[in-house]
Amino acid sequence: MDTHRLKYFLRIAEEGSMTRAAAVLGVAQPALSRQIRLLEEDLGISLFHRTRRGVQLTEDGERLRASTAAPLRQLELAVQYAGSPLARIERGLHLGMPPTVAAVLAAPLLTSLGAAFPKVSFDVTVAGTDALIEAMLRGTIDTAVINQVSDERLFVRDLLVEDLIVVGGPQSDLRSDRPVTFAQLLDLPLVLPASPIGIAVAVQNTALRLKRRIHSRIATDSLQVMMGLVERGDAYAVLPISACGREIATERLRYAPLVEPTLTQHLVVAASARMDLPREFAFKIGDVLREEAARLTRSGTWSARFLAPDQWNPYRA
């Protein structure tokens, strides 16, 4: 089967529109439509429903996307780096990310990195931003996705911004169509991240501006512990929806948008100036990470606004 047709199919699925997909791919829309018809004929199934707003995947289309997206991505990366000296690098790479990021990024990123660099072994540390910064400065973590910080000892590049929501248990009265104000949030028992950088400080600073007290007796950087408490009805949490989308979809948790004010989590890719990686290798690691984050946001898997820099170079402040 022509992998270009699968690539076209996946991009249309991500964009939800033939017109937008054609513009992104640089392909004329009639030619793109013809390629999808040929793919449907080869498979003997219908992949899209036409709607007034664009196109939607059929059940067969959903199954095809689920089964082909990751393998096709691996194939593209393997081909892209097959002739590169980078594909022959044999070493370990230590990555870091906060728990809320690991929930959505870790698995697809490791798959993509493994395809691009088949001789590299990977370690992943999941911890709060403060702990990840300390590890990068010690040289035990090579690069990490962290909450935005101002630290001259680090090289950073913007990655994305995601809105924070209020998360409660299945018996809570939270509803996705009924926002919760920050003042209302402060009347709830909260479990907050233990890390002093990121979500916790955003909540604390906003409470200080409003001269209100936070009702929080529990702090943890374990997302599993946090969601366990929320699911039991013992507390509410402030999280990005990407961190708990599966639990919300299966009705283990409920959520509401947070407003007045809206709070966000701003993520960056960071590395220490002491990072002991070959320059080109470090650059490509950043490339793959950014591309994976962009793909996840385009597909809606990561509900965030991707902030695409011109380049991510860990050797340039």
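Two rings of Phe, Tyr or Trp count as an aromatic pair if their centres lie within 6.5 Å. Keep that rule in mind, and keep in mind that this is a predicted model.

So how many aromatic pairs does the structure hold? One. The partners are Phe9 and Phe48. Their centres are 5.6 Å apart, and the planes meet at 55°. That makes the pair tilted, because the tilted class takes whatever is neither under 30 degrees nor over 60. Now look at where the two rings come from. Phe9 belongs to helix 1, residues 3-15. Phe48 belongs to strand 1, residues 48-51. The two are 39 residues apart, and the pair links distant parts of the chain. Buried or exposed, what is Phe9? Buried, with a relative accessible area of 0%. Phe48 has 9% relative accessibility, so Phe48 counts as buried too, the limit being under 20%.

Stay with helix 1 for a moment. Arg5 sits there as well. Arg5 forms a salt bridge with Asp42, and the closest N and O atoms are 3.1 Å apart. Asp42 lies in helix 3, residues 29-43, so this pair ties together parts that are 37 residues apart in sequence. Arg5 counts as buried, at 17% relative accessibility.

The full count of salt bridges is 14. Here are others from that set. Arg20 pairs with Glu15, with 4.0 Å between the closest N and O atoms. The two ends of that bridge fall into separate classes of exposure. Arg20 is partly exposed, with a relative accessible area of 42%. Glu15 is buried, with 18%.

Next, Arg212 and Asp187. Their closest N and O atoms are 3.0 Å apart, and they form a salt bridge. This pair links distant parts of the chain, 25 residues apart. Arg212 is in the loop between helix 8 (199-209) and strand 9 (216-219). Asp187 is in the loop between helix 7 (182-185) and strand 8 (190-192). Arg212 counts as partly exposed, at 33% relative accessibility. Asp187 counts as exposed, at 54%. There is also a network: salt bridges that share partners join Arg11, Glu14 and Arg298.

Go back to the loop that holds Arg212. Lys211 is found in that loop, between helix 8 and strand 9. Lys211 is not a glycine, yet its phi is positive, about 55°. Lys211 counts as exposed, at 77% relative accessibility.

Which other residue has a positive phi without being a glycine? Glu260, with phi near 50°. Glu260 is placed in the loop between strand 11 and strand 12. Glu260 is exposed, with a relative accessible area of 61%. And there is a second point about Glu260. The peptide bond that joins Glu260 to Pro261 is cis, with omega about 5°. Pro261 has its place in the loop between strand 11 (254-259) and strand 12 (264-272).

From the loops to the interior. Leu160 is found in strand 6, residues 154-168. Its relative accessible area is 0%, so Leu160 is buried. Leu160 and Ala294 are 134 residues apart in sequence. In space, their C-alpha atoms are 8.8 Å apart.

Asp142 is worth a look too. Asp142 is found in the loop between helix 6 (129-138) and strand 5 (143-147). Asp142 counts as buried, at 9% relative accessibility. What does its side chain reach? The backbone nitrogen of His94, at 2.7 Å.

Last topic: empty space. Rolling a probe the size of a water molecule over the atoms shows where such space is left. How many cavities of 30 Å³ or more turn up in a search of the whole structure? One. Its volume is about 150 Å³. The lining has 17 residues, and the closest to the centre are Pro98, Pro99, Thr100, Pro193 and Asp221. Helix 5 (99-116) supplies at least two residues of that lining, and helix 9 (223-232) also supplies at least two. What kinds of residue make up the lining? Eight are nonpolar, eight are polar and one is charged.

To recap, come back to where we started. Phe9 and Phe48 form the tilted aromatic pair. Asp42 and Arg5 tie helix 3 to helix 1. The search found one cavity of 30 Å³ or more. Thanks, that is my tour.

How values were computed: Residues are numbered from 1 along each chain as its sequence is written. This is a predicted model: local features need pLDDT of at least 70, side-chain atom pairs count only at pLDDT 80 or more; totals for chains, interfaces and linings use all residues. Side-chain values use heavy atoms; hydrogens and water are left out. On a 1 Å grid over the protein atoms alone, a cavity is a set of points where a 1.4 Å probe fits but cannot get out, and a pocket is an open set with protein on both sides within 12 Å along at least five of seven lines; lining residues have an atom within 4 Å of a point. Grid points are joined across faces, edges and corners, and a volume is the space filled by probe spheres set on the points. Helices (H or I, at least four residues) and strands (E, at least two) are DSSP runs, numbered from the N terminus. Ala, Val, Leu, Ile, Met, Phe, Trp, Tyr, Cys and Pro count as nonpolar, Asp, Glu, Lys and Arg as charged, and the others, Gly among them, as polar. Rings of Phe, Tyr and Trp (its six-membered ring) pair if their centres lie within 6.5 Å; planes under 30 degrees apart count as stacked, over 60 as edge-to-face and the rest as tilted. Buried means under 20% relative accessible area, exposed over 50%, partly exposed in between (1.4 Å probe, protein chains only). A polar contact is a pair of N or O atoms within 3.5 Å; within protein, one must be able to donate a hydrogen and the other to accept it, and residues adjacent in sequence count only if both atoms are side-chain atoms. A salt bridge is a side-chain nitrogen of Lys or Arg within 4 Å of a carboxyl oxygen of Asp or Glu.
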